[in-house]
Amino acid sequence: MLKGAFTDISACANSGYEPSMFHPASVDKNIFPALFAAYQEAKREAGYLDFDDMLCVCRDLLRSNSTVLTTLQKRYPYLLCDEYQDTNLVQKDILYMLAGDTANLCVVGDDDQSIYGFRGAKPELMLYMKQEFPSLRTISLTVNYRSTEFITGAAARVILHNDTRFYKRVQSFRGRGQNVHVQEVLDEQEEAQYVTEEIQKKLDQGIKPGEIAVLFRAAVQ
């Protein structure tokens with residue numbers, strides 16, 4: 001529960017919402033504002049800044065101190081932000097303030113692969129950039145040099161269920177390839193059993209162990 005509470009506090013700090021408007025997953029919504037305030041007070045008393053403060057304090061400083069903002073704008077006249085799909089509202093505010101009226105801002109991202117929603121990332125920010133920067137130019141990279149057509153096609157059929165995205169048709173550079181097999185299992189034990197059985201089949205076919213690899217998406221696996 002404690003770990004979940006810290007996750008909620010971090011997500012709230014990065015969301016731009018007031019604690020009273022935030023919907024925590026670990027504690028009751030009614031007690032969350034008091035919990036959030038107690039955590040902030042504990043940091044102030046100890047003289048600590050956490051990771052989220054590195055963003056929030058920076059944003060508040062740029063908002064309140066025009067001298068600092070102007071100095072940084074002159075120091076960094078051109079801005080490039082990679083992995084923009086994982087940007088949260090606080091990071092967006094910092095970038096937009098630094099870009100200022102010159103709007104010399106280039107962002108690179110893939111709205112189809114954002115995985116940091118639990119940290120407050122909002123890939124839809126990419127969709128709304130045109131409203132902030134009317135002269136924005138969009139360059140779509142639609143050729144996949146890594147995966148085959150069967151893989152990109154299967155991924156597209158899943159991604160198309162998301163309406164909040166840029167529509168794009170990705171083409172594969174590597175040809176059709178082999179069909180994708182999706183195996184559903186009941187739990188982690190059955191998953192492990194399936195993987196070991198598939199490995200044994202490959203070994204029985206004479207495939208060397210060094211030519212077999214298992215890729216895991218999450219550390220818990």
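Here are some numbered notes on this structure, which is a predicted model.

1. **How helices 1 and 2 meet.** Start with helix 1, residues 2-15, and helix 2, residues 32-46. They pack with their axes 11 Å apart and an angle of about 85 degrees between them. Anything from 65 to 115 degrees counts as roughly perpendicular, so these two helices are roughly perpendicular to each other. On the helix 1 side the contact is made by A5, F6, D8, I9, C12 and A13. Helix 2 brings F32, L35, F36, Y39 and Q40. Sorted by class, the contact has 9 nonpolar residues, 1 polar and 1 charged.

2. **The F6 and Y39 pair.** Two of the residues in that contact, F6 and Y39, are worth a look with the rings displayed. They form an edge-to-face aromatic pair, 5.5 Å centre to centre and with 75 degrees between the planes. F6 lies in helix 1 and Y39 in helix 2, so the pair ties together parts of the chain that are 33 residues apart in sequence. Going by C-alpha atoms, F6 and Y39 are 9.2 Å apart in space. Is this pair buried or exposed? Neither, quite: F6 counts as partly exposed at 41% relative accessibility, and Y39 also counts as partly exposed, at 21%. The cut-off for buried is under 20%.

3. **The other aromatics.** The count for the model comes to 5 aromatic pairs. Another edge-to-face one is Y96 with F133, at 4.9 Å centre to centre and 85 degrees between the planes. Y96 sits in helix 5, while F133 is in the loop between helix 6 (129-132) and strand 3 (143-144). That pair links distant parts of the chain, 37 residues apart. Here both partners, Y96 and F133, are buried. Elsewhere, ring pairs link F22, F32 and F36 into a cluster. F32 and F36 also turn up in the contact between helix 1 and helix 2.

4. **The nonpolar core.** In soluble globular proteins, nonpolar side chains tend to be buried together. In this model the largest nonpolar core has 27 residues. Which residues have the most contacts inside it? They are F32, Y84, Y96 and L105. The elements giving two or more residues to this core are helix 1, helix 2, helix 3 (51-64), strand 1 (79-81) and helix 5 (89-99). Helix 5 gives the most, with 7 residues.

5. **Y84 and its neighbours.** Y84 is one of the core residues with the most contacts, so to speak a good place to centre your view. Leaving out residues up to four places away in sequence, Y84 touches K92, L95, Y96, V107, V108, G109, L125, M126 and M129. Y96, on that list, is the residue that pairs with F133.

6. **L98 on helix 5.** L98 is also found in helix 5, and at 16% relative accessibility it counts as buried. With residues up to four places away in sequence set aside, L98 touches L62, L69, L72, Q73 and L79. Where does L98 stand relative to I9? The two are 89 residues apart in sequence and 26 Å apart in space, C-alpha to C-alpha. I9 is one of the helix 1 residues in the contact with helix 2.

7. **Two backbone spots to check.** Most residues other than glycine have a negative phi. E83 has a positive phi, about 50 degrees, although it is not a glycine. E83 is placed in the loop between strand 1 and helix 5, and it is partly exposed, with a relative accessible area of 40%. A103 is not a glycine either, yet it has a positive phi of about 55 degrees. A103 is found in the loop between helix 5 and strand 2 (105-107), and at 28% relative accessibility it counts as partly exposed.

8. **Towards helix 7.** I151 has its place in helix 7, residues 149-159. I151 is partly exposed, with a relative accessible area of 41%. How far is I151 from N162? They are 11 residues apart in sequence and 18 Å apart in space, C-alpha to C-alpha.

Definitions and conventions
Residues numbered from 1 in each chain as written. Predicted model: local features only at pLDDT ≥ 70, side-chain atom pairs only at ≥ 80, totals over all residues. Heavy atoms only, no water. Axes fitted to C-alpha atoms, helices over the stretch in contact; angles between N-to-C directions. Helix = DSSP H or I, 4+ residues; strand = E, 2+ residues; numbered from the N terminus. Parallel < 35°, antiparallel > 145°, perpendicular 65-115°, else oblique. Contact = heavy atoms within 4.5 Å. Nonpolar A, V, L, I, M, F, W, Y, C, P; charged D, E, K, R; others polar. Core = buried A, V, L, I, M, F, W, Y, C linked by side-chain atoms within 4.5 Å. Buried < 20%, exposed > 50% of the residue type's maximum accessible area, 1.4 Å probe, protein only. Phe/Tyr/Trp six-rings, centres within 6.5 Å; stacked < 30°, edge-to-face > 60°.
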